[in-house]
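Open the model in your viewer, switch to a cartoon view, and keep the selection box handy. We will go from stop to stop together, selecting a few residues each time.

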Amino acid sequence: MPEINARTRALEDIAALARQHQLSAGEIAAAIGVAPALRQGSRESSGQAAAQENRARAVLVRVLGFLGGTFVFAGIGVFIALQWSGMNSAARVVVTLGSGLAAFVLAILATREDRFDKAATPLLLIAGLLEPIGMLVAFQEFGSGGDWRVAGLITFGAMTLQFGATFGLLRRSTPLFAALLFGTLFWWTALDLLDVDNKLIALVIGGAMVLAAVGIDRTGHRDITPVWYLFGASAFLYGFFDAVERTPFEIAFLAAAAAFVYLSVVLHTRTLLFVATIAILAYTAWFTGEHFAQSVGWPLALIVFGMFMIALSALAFRIDRNYVRVRAVS
């Protein structure tokens, strides 16, 4: 209690002296060494505000840049489309294939300068779009006819080699994605050219895409794997169902879909879980419609199917929460 009274009297004395000599609170704080801390806190708060402002400005600049580039590319495309009928064969090839090669060269050059590094990815995408179009235009303009699949085979093979070599040079996800895309198109076209059954093509290509995604998922380029999991698993299950439909082995489709659920847990990928869940629901809907549509039990089958959907969605959510998200959390 005496200590509190002493502090109170000291504060009163300080206040009386400050009023007597007309001292401000800032001068008193500076005299006792509080001002540097206050200034430090002020600098930190102003620094945080400046950082937030810079981030907002960077996002705005990036959005405007993407929109501007999109409009420029769309304008060039519309201009080429309007002038296409008036171009000769050489001009058509130069406009498409030449523009793609120019974009590819600019992308390689952009990777050598840090300030232009972010432009490499869109330039590679533009090259991956225009170059195959240009090659197909060249076959159309200067070719002598024949099977279009041969032209596609040459085009996709050349693009696979180009972007494969680019990935070996740059070690980036974009050329790896493009190489896988054109490689998939190459083998799909090659198998179709050999008159392989469509269901077998879907099985082989779909399985290869899933295996490729599994391999890539163990590297630093796993950001591109969801697309390959999605289309690979979908193609494989489509081909598998087409192969076993209305056969004694039809129930094996559910086993294949369940295997993808297990694989999604092992690989911690939601994409495979999504595809497998949709496949099981689609098969159940097809099965009930195929065998119960003309019977009195059809309404009951619909009710059971609805309950099954609810239970399966709850199971999928639980699997995602307890097993698939483990890698993301860790």
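What follows is a tour of a predicted model, from the whole chain to single residues and back out to pockets and rings.

**Stop 1: the whole chain**

Start with everything shown and colour by secondary structure. You should find 13 helices and zero strands. If you now colour by accessibility, buried residues account for 31% of the 330 residues in the chain. Contacts over long stretches of sequence are plentiful here: among those between residues at least 6 apart, 62% join residues at least 24 apart.

**Stop 2: helix H7**

Select residues 173–193, which form helix H7. From its first C-alpha to its last, this helix of 21 residues reaches 30 Å, close to the 30 Å expected at 1.5 Å a residue. Next, show side chains for the buried positions of H7, among them Leu176, Phe182, Thr189 and Leu191. Which helices do the buried residues of H7 pack against? Add H5 (120–142), H6 (148–170), H8 (198–216) and H9 (225–244) to the view, and you have the four that the buried residues touch. Before leaving, click on Asp195, which follows H7 and has a positive phi, near 60 degrees.

**Stop 3: Pro175, within H7**

Stay in H7 and pick Pro175. Is Pro175 buried or exposed? Its relative accessible area is 0%, so Pro175 is buried. Leaving out residues up to four places away in sequence, the partners that Pro175 touches are Leu124, Phe163, Thr166 and Phe167. For a distance check, draw a line from the C-alpha of Pro175 to that of Gly128: the two lie 8.8 Å apart in space, although 47 residues separate them in sequence.

**Stop 4: Thr96 in helix H4**

Now move to helix H4 and select Thr96. Thr96 counts as buried because its relative accessibility is 6%, below the 20% cut-off. Show what surrounds this threonine: beyond neighbours within four places in sequence, Thr96 is in contact with Trp84, Leu130, Ile133, Gly134 and Val137.

**Stop 5: the two largest pockets**

Turn on a surface and centre on Gly69, Thr70, Val72, Phe73 and Ile126, the lining residues that lie nearest the centre of the largest pocket. The volume of this pocket is about 460 Å³. Helices H3 (35–83), H4 (89–110) and H5 each give two or more residues to the lining. Which helix gives the largest share? That is H3, with nine residues. Colour the lining of the largest pocket by residue type and you will see 11 nonpolar, five polar and no charged residues.

For the second largest pocket, with a volume of about 250 Å³, select lining residues including Leu136, Phe139, Gln140, Asp147, Trp148 and Val150. H5 and H6 each supply at least two residues of this lining. Its residue types divide into five nonpolar, five polar and one charged.

**Stop 6: helix H9**

Select H9, which has 20 residues and reaches 28 Å between its end C-alphas, close to the 28 Å expected at 1.5 Å a residue. Buried positions in H9 include Trp228, Tyr229, Leu237 and Phe241. Just after the helix, look at Arg246, where phi is positive at about 55 degrees.

**Stop 7: aromatic rings**

Finally, show the rings of Phe, Tyr and Trp. The count of aromatic pairs comes to 13. Zoom in on Phe236 and Phe240: their ring centres are 6.3 Å apart and their planes meet at 15 degrees, so this pair is stacked. The two residues are four apart in helix H9, which means that about one helical turn separates them. Phe236 counts as partly exposed, with 23% relative accessibility.

Compare that with Phe253 and Tyr283, whose centres are 5.6 Å apart and whose planes stand at 40 degrees, so the pair is tilted. Phe253 sits in H10 (residues 252–267) and Tyr283 in H11 (residues 270–292), so this pair ties together parts that are 30 residues apart in sequence. Phe253 and Tyr283 are both buried. To finish, select Phe241, Phe253, Tyr283, Trp286 and Phe287 together, and you will have a cluster linked by ring pairs.

Technical notes:
Residues numbered from 1 in each chain as written. Predicted model: local features only at pLDDT ≥ 70, side-chain atom pairs only at ≥ 80, totals over all residues. Heavy atoms only, no water. Expected span 1.5 Å × (residues − 1). Buried < 20%, exposed > 50% of the residue type's maximum accessible area, 1.4 Å probe, protein only. Contact = heavy atoms within 4.5 Å. 1 Å grid on protein atoms, 1.4 Å probe; cavity = no way out; pocket = protein on both sides within 12 Å on 5 of 7 lines; lining within 4 Å. Points joined across faces, edges and corners; volume = space filled by probe spheres on them. Nonpolar A, V, L, I, M, F, W, Y, C, P; charged D, E, K, R; others polar. Phe/Tyr/Trp six-rings, centres within 6.5 Å; stacked < 30°, edge-to-face > 60°.
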